[in-house]
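Subject: Structure to look at

Hi,

Here is the structure I promised to pass on. Have a look at it first, then read on for what turned up.

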Amino acid sequence: MTAGTAPYEPTPASAPTPSPSPDVLAAFESAKGFMPRGEGLALYAAATEAAALGLPLLEVGTYCGRSTILLADAARAAGVTALTVDHHRGSEEQQPGWEYHDPAVVDPEVGRMDTLPSFRRTLHAAGLEDHVVALVGRSPQVAAVWDGRLGLVFIDGGHTDEHANGDYEGWAPHLAEGGLLVVHDVFPDPADGGQAPYRVWLRALASGAFAEVSTYESLRVLRRTGAGT
């Protein structure tokens with residue numbers, strides 16, 4: 001969630017195309033969340049490419065639906081579905097006392113975070129409810145009962161090694177040949193942010209099953225080129 005450009009090449013001078021419509025981009029920018037505009041446009045370009053496979057696009061880490069808007073719009077254009085997985089109780093850095101805690105998304109009745117209502121309002125405002133399936137639960141549990149192929153897996157959930165590796169191990173095996181694996185918050189320099197997503201990205205490259213497609217700031221895009229994780 002820390003902004004910044006990682007010291008890694010190649011980094012494009014500007015976010016790639018295609019771009020969402022002005023209305024969709026405005027909905028993205030007004031939604032609660034952490035993804036910067038440039039990384040959002042890079043995610044949208046990857047989602048648009050992956051959607052051409054005719055398979056669902058999956059996101060791990062919904063929060064309030066900011067990036068879901070972009071996946072849903074790309075899915076809508078291609079006639080596929082966007083899936084988004086989250087328990088909606090917040091990741092570790094969003095809990096009380098931590099840097100990214102937002103009291104506005106705490107359920108006063110139970111005293112815990114609940115981002116699901118904000119997420120639903122986000123999709124409603126963007127007119128994208130019919131193009132998204134929300135999978136409410138912990139990522140490894142949902143992945144264990146998922147039996148379909150995916151055109152895109154976007155990992156943007158918990159940032160501990162346990163959670164980042166769990167997301168990768170649970171969902172990467174479902175990614176179809178030619179599908180795209182997208183990892184957010186990849187920071188080779190620890191001064192820029194946590195290292196768990198960076199280690200997942202390295203793991204994917206070392207597996208021999210993925211080839212790098214592009215990088216934009218902390219967003220990495222890889223293509224499945226073979227079997228394995």
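Let's start at Leu128, which sits in the loop between H4 and strand S5 (132-136). Keep in mind as you read that this is a predicted model. Is Leu128 buried or exposed? Its relative accessibility is 0%, so Leu128 counts as buried. If we skip residues up to four places away in sequence, Leu128 touches Ile69, Ala72, Asp73, Arg76 and Leu123. You can also pick out Leu71, which is 57 residues from Leu128 along the chain. The C-alpha atoms of Leu71 and Leu128 are 10.0 Å apart.

Two of those partners of Leu128 have a story of their own. Arg76 and Asp73 make a salt bridge, and their closest N and O atoms are 2.6 Å apart. Both residues belong to helix H3, with their positions 3 residues apart, or about one turn of the helix. Their surroundings are worth a look too: Asp73 has 8% relative accessibility and so counts as buried, while Arg76, with a relative accessible area of 35%, is partly exposed.

Another partner, Ile69, is a good way into the core. Apart from its neighbours within four places in sequence, Ile69 is in contact with Val24, Ala27, Phe28, Ala31, Thr122, Ala126 and Leu128. So much for the neighbours; now the bigger picture. In soluble globular proteins, nonpolar side chains tend to be buried together. Here, the largest nonpolar core is made of 35 residues, and Ile69 is among those with the most contacts inside it, along with Leu57, Leu152, Phe154 and Val182. Which elements supply at least two residues each? They are helices H1 (22-30), H2 (37-51), H3 (66-78) and H4 (116-126), plus strands S6 (150-155), S7 (175-183) and S9 (219-224). H2 gives the most, with 8 residues. There is also a second, separate core of 26 residues, including Val60, Ala143, Leu175 and Ala196.

Back to salt bridges for a moment. How many turn up in a search of the whole structure? The answer is 5 salt bridges. Besides the pair in H3, here are two to find on your screen:

- Asp161 and Arg199 meet through their side chains, at 2.9 Å from N to O. Asp161 lies in helix H6 (residues 161-171) and Arg199 in helix H7 (residues 196-206), so this pair ties together parts that are 38 residues apart in sequence. Asp161 is partly exposed at 33% relative accessibility, and Arg199 is partly exposed at 41%.
- Arg203 and Glu169 form a salt bridge as well, at 2.8 Å from N to O. This pair also links distant parts of the chain, with Arg203 in helix H7 and Glu169 in helix H6, 34 residues apart. Arg203 has a relative accessible area of 28%, which makes it partly exposed, and Glu169 is partly exposed with 45%.

Next, a pair of backbone oddities. Tyr63 has a positive phi of about 50 degrees although it is not a glycine. You'll find Tyr63 in the loop between strand S1 (57-60) and H3. Glu217 does something similar: its phi is near 50 degrees, again a positive value in a residue other than glycine. Glu217 is in the loop between strand S8 (210-216) and S9. How do they sit with respect to the surface? Tyr63 is buried, with a relative accessible area of 9%. Glu217, at 22% relative accessibility, is partly exposed, because the cut-off for buried is under 20%.

Last, the empty space. Rolling a probe the size of a water molecule over the atoms shows where empty space is left. The count comes to 1 cavity of 30 Å³ or more, and the largest cavity holds about 50 Å³ of space. What lines the largest cavity? Its lining is Ile155, Asp156, Gly157, Gly158, His159, Ala164, Asp167, Val183, His184 and Pro197. Sorted by class, that lining has 4 nonpolar, 4 polar and 2 charged residues.

Happy browsing!

Conventions. Residues are numbered from 1 along each chain as its sequence is written. This is a predicted model: local features need pLDDT of at least 70, side-chain atom pairs count only at pLDDT 80 or more; totals for chains, interfaces and linings use all residues. Side-chain values use heavy atoms; hydrogens and water are left out. A nonpolar core is a set of buried Ala, Val, Leu, Ile, Met, Phe, Trp, Tyr and Cys residues joined through side-chain atoms within 4.5 Å. Buried means under 20% relative accessible area, exposed over 50%, partly exposed in between (1.4 Å probe, protein chains only). Helices (H or I, at least four residues) and strands (E, at least two) are DSSP runs, numbered from the N terminus. Contact means heavy atoms within 4.5 Å. A salt bridge is a side-chain nitrogen of Lys or Arg within 4 Å of a carboxyl oxygen of Asp or Glu. On a 1 Å grid over the protein atoms alone, a cavity is a set of points where a 1.4 Å probe fits but cannot get out, and a pocket is an open set with protein on both sides within 12 Å along at least five of seven lines; lining residues have an atom within 4 Å of a point. Grid points are joined across faces, edges and corners, and a volume is the space filled by probe spheres set on the points. Ala, Val, Leu, Ile, Met, Phe, Trp, Tyr, Cys and Pro count as nonpolar, Asp, Glu, Lys and Arg as charged, and the others, Gly among them, as polar.
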